[in-house]
Amino acid sequence: MNLEHPDLVAILLHVADQGAQSGVVTHLLTQLGLDPNEVTVGEVVHRLEGAAWAAINLANVFALLGALFYVATLLMRTIVPLRVSALISCAF
């Protein structure tokens with residue numbers, strides 16, 4: 001790798017080589033339930049997407065709604081919608 005003028009592809013290839021040599025990538029792939037010798041990007045994306053969907057529950061949805069109403073509260077200019085939005089955000 002040329003350190004005087006590094007480009008993004010060279011950096012990513014260097015990081016991938018170092019990760020493969022240390023076994024970190026192999027360990028991560030086996031944790032995802034994938035075979036490190038025969039893995040595709042599509043399989044990795046599919047597994048990560050499934051993990052993300054599995055992490056969504058009712059508490060997370062309510063927390064997101066409360067956060068959205070809190071941000072909306074900060075953007076209000078008049079007092080009545082401000083107070084209504086603040087009450088709704090406190091409910092979540």
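**Exercise 1. Locate Ser85 in this predicted model and decide whether the residue is buried or exposed.**

Solution. The element that holds Ser85 is helix H5, which covers residues 79-91, and the coordinates belong to a predicted model. The next step is the relative accessibility, which is 4% for Ser85. Since buried means under 20% relative accessible area, Ser85 counts as buried because of its 4% value.

**Exercise 2. Work out which residues Ser85 touches beyond its sequence neighbours, and which backbone oxygen lies 3.0 Å from a polar atom of its side chain.**

Solution. Once residues up to four places away in sequence are set aside, Ser85 touches Phe69, Ala72, Thr73 and Met76. For the polar part, the backbone oxygen to consider is that of Phe69, with a polar atom of the Ser85 side chain 3.0 Å away. The side chain of Ser85 also forms a polar contact with the side chain of Thr73, at 2.9 Å.

**Exercise 3. Describe the surroundings of Thr73, giving its element, its burial and its contacts.**

Solution. Thr73 belongs to helix H4, residues 58-75. Its relative accessibility is 13%, and therefore Thr73 counts as buried. Apart from neighbours within four places in sequence, the residues in contact with Thr73 are Leu82, Ser85, Ala86 and Ser89. Turning to polar atoms, the side chain of Thr73 comes to 2.8 Å from the backbone oxygen of Phe69, and the 2.9 Å contact with the side chain of Ser85 is polar as well. Taken together, the backbone oxygen of Phe69 is approached by the side chain of Thr73 and by that of Ser85.

**Exercise 4. Decide whether Leu8 is buried or exposed, and find how far apart Leu8 and Ser89 are in sequence and in space.**

Solution. Leu8 has its place in helix H1, which runs over residues 8-22. The relative accessibility of Leu8 is 61%, so this residue counts as exposed. Leu8 and Ser89 are separated by 81 residues in sequence and, C-alpha to C-alpha, by 43 Å in space. A second pair can be treated in the same manner: Ser85 and Val15 stand 70 residues apart in sequence, with 47 Å between their C-alpha atoms.

**Exercise 5. Explain why the protein chain is described as more spread out than a compact globule.**

Solution. Begin with the elements, of which the protein chain has 5 helices and 0 strands. For 92 residues the globule rule gives 12 Å, whereas the radius of gyration is 23 Å, well over that value, so the chain is more spread out than a compact globule. Its C-alpha trace spans about 60 × 40 × 20 Å along the principal axes. Burial and contacts complete the picture: 8% of the 92 residues count as buried, and among contacts with a separation of 6 or more, 10% involve residues 24 or more positions apart. The protein chain exposes about 7,600 Å², with 68% of that area supplied by carbon and sulfur atoms.

**Exercise 6. State which elements have the lowest and the highest mean pLDDT.**

Solution. For the protein chain the mean pLDDT is 79, and 91% of the residues reach 70 or more. Among the elements, the lowest mean belongs to H1, at 74, and the highest to H4, at 86.

Technical notes: Residues numbered from 1 in each chain as written. Predicted model: local features only at pLDDT ≥ 70, side-chain atom pairs only at ≥ 80, totals over all residues. Heavy atoms only, no water. Helix = DSSP H or I, 4+ residues; strand = E, 2+ residues; numbered from the N terminus. Rg over C-alpha atoms; globule rule 2.2 N^0.38 Å. Buried < 20%, exposed > 50% of the residue type's maximum accessible area, 1.4 Å probe, protein only. Contact = heavy atoms within 4.5 Å. Areas by Shrake-Rupley, 256 points an atom, 1.4 Å probe, with all protein chains shown as cover. Polar contact = N/O pair within 3.5 Å; in protein donor to acceptor, adjacent residues only side chain to side chain. pLDDT = per-residue confidence, 0-100.
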